[in-house]
Amino acid sequence: MKIVSAIDSFKGSAASAEVNQAVRAAVEQVLPEVEVAIFAIGDGGEGTLAALAEALDGEFVSVSTVDLLERPIEASYFLSGQTAFIEAASVVGIDKITPTPATAEVATSFGLGAMMRDALSRSCQEIVVTLGGTGTSDGGQGLLASLTEEDKACLRAVSLIGLTDVKNRYAGQEGYARVFGPQKGANQTQVEAMDQAALAFVQRVKEELGIDLQAISGTGAAGGLGGALVVLGGELTAGFPFVAQAIGLDQAIQGADLVITGEGRLDSQSLNGKVPVGVAALACSVGVPTIAICGSVVTDMEVFDDYFLATYSIQTGIYPLEQAMKKEVTLENIRFVVKNILRSRFLERSAN
């Protein structure tokens with residue numbers, strides 16, 4: 001018997017690798033004879049770089065740059081062969097600020113340019129940028145301003161890929177300003193100004209490059225960074241399928257008897273390219289049942305019945321949010337819930 005665990009990070013609480021190790025510990029305690037394969041996983045958002053680095057050979061490269069408020073920082077990307085994996089959030093992550101209208105006014109993606117130049121200086125032929133978790137809403141203008149014409153020509157000569165965990169277009173009602181601007185501190189006046197600037201840039205790109213950013217899914221990702229990558233000659237792709245193939249998750253699932261997945265919160269957003277639904281879809285395609293283990297689960301979405309044999313919240317009591325989010329509480333609750341699931345599903349079956 002084989003169980004595969006591929007759970008996303010519980011944002012603000014525990015990393016994907018830690019969560020999946022907790023599952024392994026629970027399985028080994030209840031069913032020591034069962035093979036357990038665990039995969040750190042991501043969908044283009046937080047934790048994606050760590051998942052790729054755990055599965056691939058390579059090294060981290062440190063670069064001196066600036067964060068989204070242009071404060072000096074050291075950030076790292078992962079170099080594997082001739083491919084550089086850059087996590088946008090490591091430079092311009094929303095976790096580096098307390099979002100306010102003041103930060104929304106000045107937050108810039110400028111610092112990402114230094115990461116890309118360093119990768120080019122090492123003769124990388126492929127640059128992959130994960131786009132989730134950023135605190136910027138500058139439409140990628142900071143990144144574009146940080147690059148010389150020579151830099152841009154070099155980027156167009158390599159494979160540039162943006163991994164997205166959303167499908168939003170660049171501007172308009174579903175654009176980065178209106179959908180994500182308020183989350184990053186922007187007030188309504190700022191949102192309107194951002195969207196007007198985004199619409200103007202869409203028109204300019206269409207006239208000068210013949211590219212319609214509004215026709216490409218994901219250009220609104222990371223405050224418009226997705227669109228900037230397209231302008232630089234890049235392609236955007238859904239993060240989860242890319243990561244799943246890179247780490248060999250699809251092959252591992254084919255020989256499994258049960259798949260365990262999950263994330264911090266299972267809700268309507270989970271249907272938009274997030275890890276749990278992506279994992280479940282892979283498992284369903286080869287007839288393997290999947291259960292979801294999450295911090296919280298919405299209870300009014302029957303659509304999840306199409307993906308999961310069952311969904312579980314790990315909460316075992318009523319705690320203040322700060323207590324429930326503590327890493328040790330999360331990991332202990334995961335171990336507790338998984339052990340009880342396995343006891344009821346497998347030990348009862350073996351007894352019969």
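**From a loop residue to the sheet and its helices**

Ser-123 lies in the loop between H5 and S6. The model is a predicted one. In it, phi of Ser-123 is near 60°, a positive value in a residue other than glycine. Ser-123 comes after H5. Is Ser-123 buried or exposed? Neither label fits, because its relative accessible area is 44%, which makes Ser-123 partly exposed. This loop residue is a handy starting point. On one side stands helix H5, and on the other strand S6.

Take the strand side. Strand S6 covers residues 126-130 and runs parallel to strand S5, residues 83-87. Five bridges join the two strands. One pairing can be picked out by residue: Ile-86 has Val-129 in S6 as its bridge partner.

These two strands belong to an open sheet of six strands. Which order do the strands take? Reading across, the order is S3-S4-S5-S6-S7-S8. The pairing is mixed. The edges are held by S3, residues 59-66, and S8, residues 235-238. Each edge strand has a single partner strand, so one of its sides has no neighbour in the sheet. Neighbouring strands are turned by 30° against each other on average, direction ignored.

Now the helix side. Helix H5, residues 112-121, packs on this sheet. Which strands does H5 touch? The contacts reach S3, S4 (72-80), S5, S6 and S7 (159-164). The direction of H5 makes about 135° with that of S3.

How much of H5 is buried? Eight of its ten residues are, so the helix is largely enclosed by the rest of the structure. The buried residues are Leu-112, Gly-113, Ala-114, Met-115, Met-116, Asp-118, Ala-119 and Leu-120.

H5 also has a helix partner. H5 and H7, residues 149-156, pack at an angle of about 60°. Their axes are 11 Å apart. The crossing of H5 past H7 is left-handed. From H5 come Met-116, Arg-117 and Leu-120; from H7 come Asp-151, Cys-154 and Leu-155. By class, this contact holds four nonpolar residues, two charged and no polar ones. Two of the H5 residues in this contact, Met-116 and Leu-120, are also on the buried list of H5.

Step back along the chain from H5. Thr-108 sits in the loop between H4 (101-106) and H5. Thr-108 counts as buried because its relative accessible area is 11%, under the 20% limit. What does Thr-108 contact, beyond its neighbours within four places in sequence? The partners are Asp-67, Leu-68, Glu-70, Val-92, Thr-136, Asp-138 and Gly-142.

A further helix, H2, covers residues 48-55. Its buried residues are Thr-48, Leu-49, Ala-51, Leu-52 and Ala-53. Where do they pack? They lie against strands S3, S4, S5, S6 and S7, and against helix H11 (239-247).

Next, the edge at S8. Leu-236 is found in this strand. Leaving out residues up to four places away in sequence, Leu-236 touches Leu-131, Gly-162, Thr-164, Ile-216, Ser-217, Gly-218, Thr-219, Gly-226, Leu-229 and Val-230. Ala-221 is 15 residues from Leu-236 in sequence, and their C-alpha atoms are 9.6 Å apart.

Helix H10, residues 221-231, holds Ala-222. Phi of Ala-222 is near 55°, again a positive value in a residue other than glycine. Ala-222 is buried, because its relative accessibility is 8%. Ser-123, with its own positive phi, is by contrast partly exposed.

Last, the cysteines. How many disulfides does a search of the whole structure find? The result is zero. Cys-124 is in no disulfide, and the nearest cysteine sulfur, that of Cys-154, is 12 Å away. A disulfide here would need the two sulfur atoms within 2.5 Å. Cys-124 is buried, at 2% relative accessible area. Cys-154 has already appeared, in the contact of H7 with H5. Cys-294 is in no disulfide either; its nearest cysteine sulfur belongs to Cys-284, 15 Å away. Cys-294 is buried too, with a relative accessible area of 0%.

Key:
Residues are numbered from 1 along each chain as its sequence is written. This is a predicted model: local features need pLDDT of at least 70, side-chain atom pairs count only at pLDDT 80 or more; totals for chains, interfaces and linings use all residues. Side-chain values use heavy atoms; hydrogens and water are left out. Two strands pair if DSSP finds at least two bridges between them. Helices (H or I, at least four residues) and strands (E, at least two) are DSSP runs, numbered from the N terminus. Axes are lines fitted to C-alpha atoms, for helices over the stretch in contact, and angles run from 0 to 180 degrees between N-to-C directions. Contact means heavy atoms within 4.5 Å. Buried means under 20% relative accessible area, exposed over 50%, partly exposed in between (1.4 Å probe, protein chains only). A crossing is left-handed if the near helix is turned anticlockwise from the far one by less than a right angle, and right-handed if clockwise. Ala, Val, Leu, Ile, Met, Phe, Trp, Tyr, Cys and Pro count as nonpolar, Asp, Glu, Lys and Arg as charged, and the others, Gly among them, as polar.
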